[in-house]
Every structure is written in C-alpha cells, then in structure tokens.
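Let's take a walk through this structure together, one stop at a time. Keep the sequence handy as we go.

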Amino acid sequence: MSSLKFKIRRLGGLLALFLVIPCSSFAAEYCTDLSYFGDYGAMSFAVTTDDDADTAVVEIIAGYAKGWRFEGSWDGESGVGSGSVMMTEDPLVGTIGFDFDIVSAGSETEITGTVETEDGSRATLFTGIEGACTVAEAPLEGDYCLKVGDENISMNVVRETSGTGRIVGNLASPTGILRPFNAMRDSATGLILEKTTGAEQFKLEFSAGIITGEFTYRGRSFDAYGIRNPAPTATGCLGIMIYSGGTGDFYYATPTIVGHHAYVGTGGGTSHSLATDNYFAKVDLRDMREIWRYELGTDEVRGGAVLDRTGNVYFVVEADRNLTFVDGFPEGSHEASSLKLIKITNPSRDAPTLEWEYAITAAGETHDLGHLTPAISKRGIIYVGGDMMHAIKPDGSELWTFAPDTTGNLQIYTAPLVDKRAVFFSVTDTGSAHEADGLYAVDALSGAEPILWRYTPEAPVDPSDGYSEEEPAPETYSSPQFNLDRTKIYAALRDRIYCFDRRGNACSTAWEEGCEIPDLAGAIRAAPLIDAAGDIYIGTKGNEDSKLYKIDGTCPTSPVIWEADTNADMYTTGVILDTGIIVIGTEPDFDAGILKAYSTTGSTAILEGYMDLDADMTWGSLRMHKGRLIGVANVATPILGGFMFSIDTAGARYERGAQNPTFRGNNLSTGR
C-alpha cells in the first residue's frame, strides 16, 4: 500500500519535534520546511504559547501541510521554553505527539525541529526563522502552468526585489502574447502572491511546485491551481498541463485514452483520506478541459475504465470504505465496503446518465489491495475480477461467474485479458497455503468447467517465524500482458516472470519454471513491459529498496541485464519510448522525483533524467498521446487534490515494434 503522500513515517514511539520561539501569552509566525521528509518547500508555522496557562498551539497556516494543528502543554517564559503538543486524527497522518524547545539566537528567533528515531538518536526535521517567508527561504521564480476555470494560462515569475516582496512576471495563454504583471507577497506568510489591481487579479498560494488560489478577470472569479513546469522541452502550459477538481486522489486510476479524450476517476487507498466529492470525468487532452463529470460522492473509482463500440463507459467503484485511527495512525477498513461495476453514457456535452450497476462484491467481501480495470470483448461482454471472475452482458445481466475450485481465499484484483475464445486473469490466494496463486484461462462465453488451462506455481514454504514486513506473504497483483501480435502472454506471479502461449504452454523450455530474478527486491505489482527486442522491464514495491529490472527475454540462466534503484515503491506500469528510454512513475523519491527515465539501450542502468511533481504515483499507469506523457498523481493535502498531467516529450512516441510499450499495449485498455 502506498506510503503517505507527505512521507510521515512511523518511527517508533512518538514523533518528537523541537520548535524555536520567542511572554505570558505569545504568538509568532515562522518560515520553515519539513526537510526530513523531502523538499516540499517553505511552510508558514503559527506558534502560540501561554506562560500562565502552560499551553501551546502550533499550526501550519500556509504551505504543503496547510491546516495541520497541534495543541498541548508548555513550560516557558517570554516565548522561550519547551513543551509537548498533539495532533488528533488528522486525515493525513492520524495523531502525532511531539516535544519542542524554543530558543533565541542573537537578534533572531529560530525554530528547529528534531525527531527521535528507533535507535534513540535524533534527526533534524526542520529549521526556520521568525517572520514571513522571503525570496531567500521561499523563491517563487519559475515557469508555471495555471488552470483558471477551463483555461490553461502560462505564468512566469521573473524576479523578486529583495526585501520588498515585489514580484515581476508574465502571464499568457499557452500560445498567447505575454502580458507583464506586478504582484506582492503577503506580509504574514510570504507564501501568498497577490495582484489586486487591473483587469486580471489573483491570490495564489505556493506550496513547493504546487499552486492554488483564486483568479479574477474583469469581475468574474475562478478557482485556480497549477504546477511548476518540470519539462525542459517547452515552457509554461506547452510544457505541462494539469487537470484536477475536488479533494479526491487519483490513487487507482489509469487514464483511458480514446481519440483525444481521457477518461479517469478519483478514489483513495486503504489508509488514505476519504473524499466526499469523488467523480469520474471525460477530459479533452488538447487543452485539459473537462467535457463532463459524473458525480460519485463518497464512492471511489477502483481502476481504469473501458469503452464499448458505441462509447458507453464502464468502471468499478468501491462504496462505504471506512477510515479509523489505531494507535494514532490512520488505518482503512473495507469491512463494510462493496464493489460495483457501473455503466454510464458518454454524451458530447452535459453530464452522463447511469445505465446500470452490477454488484461485484457484497458488503464485507472487498479485498484491500489491487486495482479492478475491466476488459471488454468484441461481442461487448465485460469481464472484471473481485472475489471471482465476472462476465457481464451489455445490458448489465450476469453471463457467468467463475472461481477456482480450491479452499484458499482467492482474490482477482488485476486486469484480465480477453480474445475471441478465452479470458485470461491472475489470481492471488491470500489463504495460508497460497496454493491457488496463478494464471487462469476460462472460456469467454461460458466460463464453464473444465477450464481451458491454468498455471499455479508450487506452493511456497512459509518462513519459520511466519510472514512479516521483512518477509511479506507472496502476492499476485500484477496484471498479465499480451505481446504485440497477441500470441504470447507475459505475467508476473509472485516473484517470477512467466511467458505462455495462449494454450498455456511455456514460450520455450527456458520459460517452463518461469524467469527467476535473483534476490528480488520487494513485490511485483506493476505489469511487465516488453520492448521490440523482447526484453522485459518490471518494477518492484520494496520501499527504499525498490528496483527497476531489465530482463533478457530469452530467460537464460542469469536473466537480469541490469537493475536500477528507484528508491521508492513502483506500482506504476511505465512507457517504452522510441527515444531509447523507459519512463516509470514511483512514490516520492526525494533525490530523483516521481518520474524517472532510464536508457533502454545501455548494458547497465543509466538514469537519463527525472521530474518531481511534488506528489506521488501509485496504481495508475502511464500513457503516451501525441508526443505527451499522460498520467495521474496524488497530492493528499488541503492544497490540492490528485491531478492528471500532460507533459511535453519533444515528439516522443511509443517504441515502434515494442511487444508491449505500456499497460495492455494500447490506449483503449480493452484487452481486445
């Protein structure tokens, strides 16, 4: 499961912070950042202490963690002292308790935070000074793309006059004429940029590379949000455009691209915040303008979508997920939740209407891991997993269901494949024996026994002390992939890669026991990618030990061509491009962003470049569309919800002849 977007880790015991402040009752603001957790930019802390009441309140009033509030005890005098404060049931991180010290340093009051680690030592969380953030602590210069209403507007912050807060910049539409502007930082936090005169006025808050706020044009007000342009190939909105709306995350979503439109929906992970304004949307990729939105409320989208021949849209939602706090930390619960497949219309404008809902699981039967992206056959039959494989007719009635005959606890939380005869899908067995893990092929029209074929690896030997975080239980959450002509199926089952023909035979004698990756670092949740030479790329979820592997497609005795440390979990299936690189998405890596490009031509792992979007990527996979990289990212803060991005790649396309250059090898996500 994805670690928290803000990367607050449970470090044993209580987190301990030490704050530096200068009264019987005293209030001050400090400019600081939480550098221990990565570069999320400057934040404005409001610190209030009361010497008589022995109380203290610490609140982040601007920046990435805006809204976090801590209250507790205080022992000090004239703003100098120590205390202990607690934050209760924050939707991001639960409850955090910390101690703090406040000191003066010459003519300044400084703020320093530390944390007690598991070995008893202390690490610096942050440092800062009293007063508003300035050009020195919070530089705003850069190239941005703002979404204002339905329009993308490029913004460039050119320079700031030191000590005045005065900023000079330019505004323009993606292809329009530059219009200079003068604006000022606010004097309280220093993180809010204000322009209060002229036809165009705005109030924008900066949080690392993310912007949010309000924009007024000739008396009309619009919500505004944006992102710093990470692309060196083009400026402003030509470099990057984003689409967002509401507070929900795109945790499980992979954009489904048909024509020049993307279809995508919001939802959170097990231990992540619950949004009440989730939705599914159709977005025009030419300008990232929303065509329509289907409101879902608290229901959460649990995978990508699929379209039928007439354009109707099918996707899975989970309803009634709960979030509780255990020992002060968030813990999601699926005990009351259920899954349903939804069919909606696809109008050219206005909101779509619901055609039908099909129940996949009843309350209490929903598994906590994996995504559920449907597949659709040429006959219009929809196939989707869950507690079993479901085949549903276009009118919403059930054609058949199939579950392997076993005593295990079976979960089909991957994306199936379908051809004219069969539907292929991976199963993970969460029972004690794990005996039913494997790849299955069932008759696409009947789902009847006997099944066409199955491959189940030998049951694993349980560790003597049982499974643990250090020795996790085996799992199969990676979706199978066709090769280019659909004569082969590649699948990751537990810790190995397999290659089968459509009859279930190994692709060669070398593949009969699968391709073993020695000392595999973590679990495989991404789908395998296969380049034009037949070599395979696969990433792992192993926290800071996660890796990207390139595997020889002939599966020799030593199959690993190279391996690269990604430093963060990789659930995302990337893209193989004709420029000789593979682009992957990860959870936050504070050294190398969340988007990383590796060479596909080198004999060793070569990191060609990376981009940081001040977010993370989890189950959603990447896509290419007309020379632009399309994907989704999560920002679990009050600053901005999750967003879909479109980044210029200077004309790059999928690698020609690649056996599978991205998830499913096509943009339709149909498995057809």
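Before the first stop, one term: two residues are in contact here when heavy atoms of theirs come within 4.5 Å of each other. Keep in mind, too, that what you're looking at is a predicted model.

Start with I489, which sits in strand β39, the stretch covering residues 488–493. Who are its neighbours? Leaving out residues up to four places away in sequence, I489 touches L417, F424, L439, P480, Q481, F482, Y498, C499 and F500. Is I489 buried or exposed? Its relative accessible area is 0%, and buried means under 20%, so I489 counts as buried. For a sense of distance, try D437: 52 residues separate I489 and D437 along the sequence, while their C-alpha atoms lie 16 Å apart in space.

Next, have a look at a loop with a peptide bond worth finding. P450 is in the loop that runs between β36 (438–443) and β37 (453–455). The bond leading from E449 into P450 is cis, and its omega is near -5 degrees.

Now for some backbone angles. Which sign does phi take at D54? It's positive, near 55 degrees, and D54 is a residue other than glycine. You'll find D54 in the loop joining β2 (43–50) and β3 (55–62). Partly exposed covers the range between under 20% and over 50%, so D54, with a relative accessibility of 38%, is partly exposed.

Further along the chain, N567 also isn't a glycine, and its phi is positive at about 70 degrees. N567 belongs to the loop between β45 (560–565) and β46 (575–576). Because its relative accessibility is 33%, N567 counts as partly exposed.

That loop leads you to β46, which is a good way into the last stop. How many strands form the open sheet here? There are four, in the order β46-β47-β48-β49, and they pair in the antiparallel sense. At the edges are β46 and β49 (607–611), each of them pairing on one side only.

Zoom in on one of those edges. β46 pairs with strand β47, residues 581–589, over two bridges, again antiparallel. If you'd like a particular spot to look for, pick V575: its bridge partner in β47 is V583.

Key:
Residues numbered from 1 in each chain as written. Predicted model: local features only at pLDDT ≥ 70, side-chain atom pairs only at ≥ 80, totals over all residues. Heavy atoms only, no water. Buried < 20%, exposed > 50% of the residue type's maximum accessible area, 1.4 Å probe, protein only. Pairing = 2+ DSSP bridges.
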